[in-house]
Amino acid sequence: MPEPSDDPEFFQAGARVGVLTSQPLDRLLDYKAPEGGCFRGAFVEVPLGPRKVLGVVWGPGAGDFDLAKLRAVIRVLDVAPMRDEMRNFLSKAADYTLTPMSSMLRLATRAPGLSDPPSMRKVLRLGSQTPDRMTDARERVLAVMEEFGGLSFTPKELSDMAGVTASVVKGLVKQGALIEVETPRDQPYPHLDPELPSKTLTDDQAAAAATLDETVKSGAYGTTLLKGVTGSGKTEVYLEAVAACLRAGRQALVLLPEIALTAEFLKRVEARFGATPAEWHSGATMTERRRVWRMVGQGAAQLVIGARSALFLPYRDLGLIIVDEEHDTSYKQEDGVLYNARDMAVLRAAMCSAQVVLASATPSLESWANAQAGKYRRLDLTSRFGASVLPEMRAVDMRNEALPSGTWISPTLRQAMQLRLERGEQSLLFLNRRGFAPVTICRACGTQVACDNCDARMVEHRFLKRLMCHQCGETKPVPTECPSCKVEGKMAPVGPGIERLGEEAAGLFPEARIAVLSSDLFASARALKSRIEEIAAGEADIILGTQLVAKGHNFPLLTLVGVIDADLGLQGSDLRAGERTFQLMRQVAGRAGRAERPGEALMQSFQPEHPVIRAILSGDEEEFWRAEAEQRRVAGVPPYGRMAGIVLSGPDLAQVFDLGNHLARNNGALVQVGAQLFGPAPAPIARIRGRHRVRLLIKADKGVALQDAISRWLAPVPLKGDLRLNVDIDPQNFF
């Protein structure tokens, strides 16, 4: 058969095609098109050695292998082909992040069962009968069904999640506690109606919504920074942009930084559009994830609510991306493919002529600077929605507080909490430290208990009765004797964690109902969401929380926020320390007074005169951003310069440093573009999971083609044995 001379849309049977697989290979593989031919972008199953692997037809084959000896594509999968826009997006994202294309394809195919043919399947739903005999195993199965709100499960999925055998599930079916139904594997999502009535908007909300409506109608690319004080109704505004997108017949995506936010958000979406949209995050079942992937590709899912990886779903016609709480650090993927979902959202929108809305009360300096430079449109919401007003913010100068040793709630904060209890209102204590105590020390010899696999101190988690490493997840029992000097009874927790704060609060307020919100304490995302709903309904008097409580939750009865250690984030050399502290404190304080009752935020600090603390209290956000921007501009660091982190790791420290020194000596490609190279030096956390870590840092001017220089610099470097090298463009963390 004649070879195609260009890049056709369709390849006849037997034609040479280049297939990108998700296997760790650095090139396309040539195959013969199957019987019936295949389109460019088709998802295919191909032979690779003795295995069958997933791939995508990327274009014509390279032609460097005898056509007669080529193996044929096994079959074309019955899913929508990957569109040119998606292929271009993956290529651009790979070039920007310096990620192999095989890794990008894995990110874009993270749904189980894609190679399964469409068919009917048996799924289980809750029945109306009660088992004649209840066992622990049966209780676990029914608890899973109830926890997931009546979602359907395959029998295997249900038995795996409940940790029971298949016979337990079958027994519940026989008893009528579960019912077995035949259903198509993947069904379209219910229709969302953008013409249903919306909430009445304030004047500035209506003006912002009208502007977003016009931008979405334009059908062109653009990015808008929607900045509004906490409680100003940003969600209602951008839901009107979603409505405009649905009216135009295009798909919309809303990214949320925290799974626990989805429950409340889904209720608001259902109230606005009359149906529940698609969900994509780690809390969704495997069955549901496959359905979302397939329906998005067919255009049968109008709206997706998801975590950062939802950006890589195969949208048929994506017209709008909302990045809620766009400043949140969880949008940066810190392992595998290192990308920032906020930046990738802008890239994807540019590739498919979509609009992006970056919503935040405390935007990232990058977004603020882009709005100042005119690259992004900016819309401001300056007042809270309805009767609520912004909380009064005050510092508690801890230097003037009479605080007994081993306690952390100041008399001033305690008095304010007592007042709320008497009024039937809620208080929130915020401490950004999980566990009971950050350090366990021997009072005899001074040894601090460290992880065996990492250079990190182990954190006591009293609820779990274990020490835990927050780097690798390793746990061990709390020792009764010192692992170093072997003295019994001298091990002591030092410093506060959220669990220890809970003990102190329970001692001060024995009658109060106390709820601790920390990601360590919930077995699943849905369990966490359920607890948050209970708290919002008033089933707690005092809430203790780590960083996740700052992320958009709405507690109507909450009128007091107490920040236990406002100075915590100001330590260290992170260039974003001030920005992150400012954002976190403003977000946490914004949880108070979101209904009719006025709120108050008290920040315990040993340095209330610090510029960041003063900026938080004054509320002059623009002045803070201007000062922060000027410092960054003078230093030539993001967003006014470029940075990249190189992390080398391996089991042999000498080998890792040898590689780092070799890179530092042969940095000609970086010197050519005027980039500076710092290091090698031990990473701040120098060992994780038994692997030694060494960092190099690259700094360059704003306009430098940094990725190209890094690629040329690293190209001749062989990685032998267990040595690993990771490139982090625009690093957010420096651990």
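**Exercise 1. Find which element supplies the largest share of the lining of the second largest pocket, and describe that lining.**

*Solution.* In this predicted model, α11 gives the largest share of the lining of the second largest pocket, with six residues.

Step 1. Start with the space itself: the volume of the second largest pocket is about 810 Å³.

Step 2. Look towards the centre. The lining consists of 31 residues, and Y96, D343, N370, K702 and D730 are the closest to the pocket's centre.

Step 3. Assign the lining to elements. Two or more residues come from each of α1, α10, α11 (365-372) and β28 (642-650).

Step 4. Sort the lining by class: 14 residues are nonpolar, seven are polar and ten are charged.

**Exercise 2. Work out what lines the second largest cavity and which helices take part.**

*Solution.* Step 1. Set the scene: three cavities of 30 Å³ or more are present in the structure. The second largest cavity encloses about 50 Å³.

Step 2. List the lining. It is formed by Y96, T97, K332, L338, Y339, N340, D343, M344, I729 and D730.

Step 3. Map these residues to helices. At least two lining residues come from α1 (84-97), and at least two from α10 (341-351).

Step 4. Classify them: five are nonpolar, two polar and three charged.

Step 5. Now set this beside Exercise 1. Y96, D343 and D730 belong to the cavity lining, and Y96, D343 and D730 are also among the residues closest to the centre of the second largest pocket.

**Exercise 3. Describe the largest cavity and name the element with the largest share of its lining.**

*Solution.* Step 1. The largest cavity holds about 100 Å³ of space.

Step 2. Its lining has 15 residues, and those nearest the centre are H327, T329, R342, S364 and Q732.

Step 3. By element, α15 has the largest share, with three residues.

Step 4. By class, the lining has one nonpolar, six polar and eight charged residues.

**Exercise 4. Helix α15 packs against α16 and α17. Decide how α15 is oriented to each partner, and identify the contacts.**

*Solution.* Step 1. Take α15 (residues 577-589) with α16 (residues 611-618): their axes come within 10 Å, crossing at roughly 30°. Angles under 35 degrees count as roughly parallel, so α15 and α16 are roughly parallel to each other. The crossing of α15 with α16 is right-handed.

Step 2. Find the residues that meet. From α15 come G578, T581, F582, M585 and R586, and from α16 come V612, A615 and I616. Five residues of this contact are nonpolar, two are polar and one is charged.

Step 3. Turn to α17 (residues 621-635). The axes of α15 and α17 come within 11 Å and cross at roughly 160°. That makes α15 roughly antiparallel to α17, and α15 passes α17 in a left-handed crossing.

Step 4. On the α15 side, the contact uses G578, E579, F582, Q583 and R586; on the α17 side, it uses E621, F624, W625, E628 and R632. Three residues of the contact of α15 with α17 are nonpolar, two are polar and five are charged.

Step 5. Put the two contacts together: G578, F582 and R586 meet α16, and G578, F582 and R586 also take part in the contact with α17.

**Exercise 5. Repeat the analysis for α6 and α7.**

*Solution.* Step 1. The axes of α6 (residues 203-217) and α7 (residues 234-247) come within 8 Å, with a crossing angle of roughly 30°. That makes α6 roughly parallel to α7, and the crossing is right-handed.

Step 2. On the α6 side, Q205, A208, A209, L212, D213 and V216 make the contact, and they meet E236, V237, Y238, E240, A241, A244, C245 and R247 of α7.

Step 3. The classes are nine nonpolar, one polar and four charged.

**Exercise 6. Locate two cis peptide bonds and a residue with positive phi.**

*Solution.* Step 1. Recall the background: most residues other than glycine have a negative phi, and most peptide bonds are trans.

Step 2. P638 and P639 are joined by a cis peptide bond with omega of about 5°. P639 sits in the loop between α17 and β28.

Step 3. The bond from G679 to P680 is also cis, with omega near 15°. P680 belongs to strand β29 (residues 676-688).

Step 4. L98 has a positive phi, near 55°, and is placed in the loop between α1 and α2 (101-108).

Methods: Residues numbered from 1 in each chain as written. Predicted model: local features only at pLDDT ≥ 70, side-chain atom pairs only at ≥ 80, totals over all residues. Heavy atoms only, no water. Axes fitted to C-alpha atoms, helices over the stretch in contact; angles between N-to-C directions. Helix = DSSP H or I, 4+ residues; strand = E, 2+ residues; numbered from the N terminus. Parallel < 35°, antiparallel > 145°, perpendicular 65-115°, else oblique. Left-handed = near helix turned anticlockwise from the far one by under 90°. Contact = heavy atoms within 4.5 Å. Nonpolar A, V, L, I, M, F, W, Y, C, P; charged D, E, K, R; others polar. 1 Å grid on protein atoms, 1.4 Å probe; cavity = no way out; pocket = protein on both sides within 12 Å on 5 of 7 lines; lining within 4 Å. Points joined across faces, edges and corners; volume = space filled by probe spheres on them.
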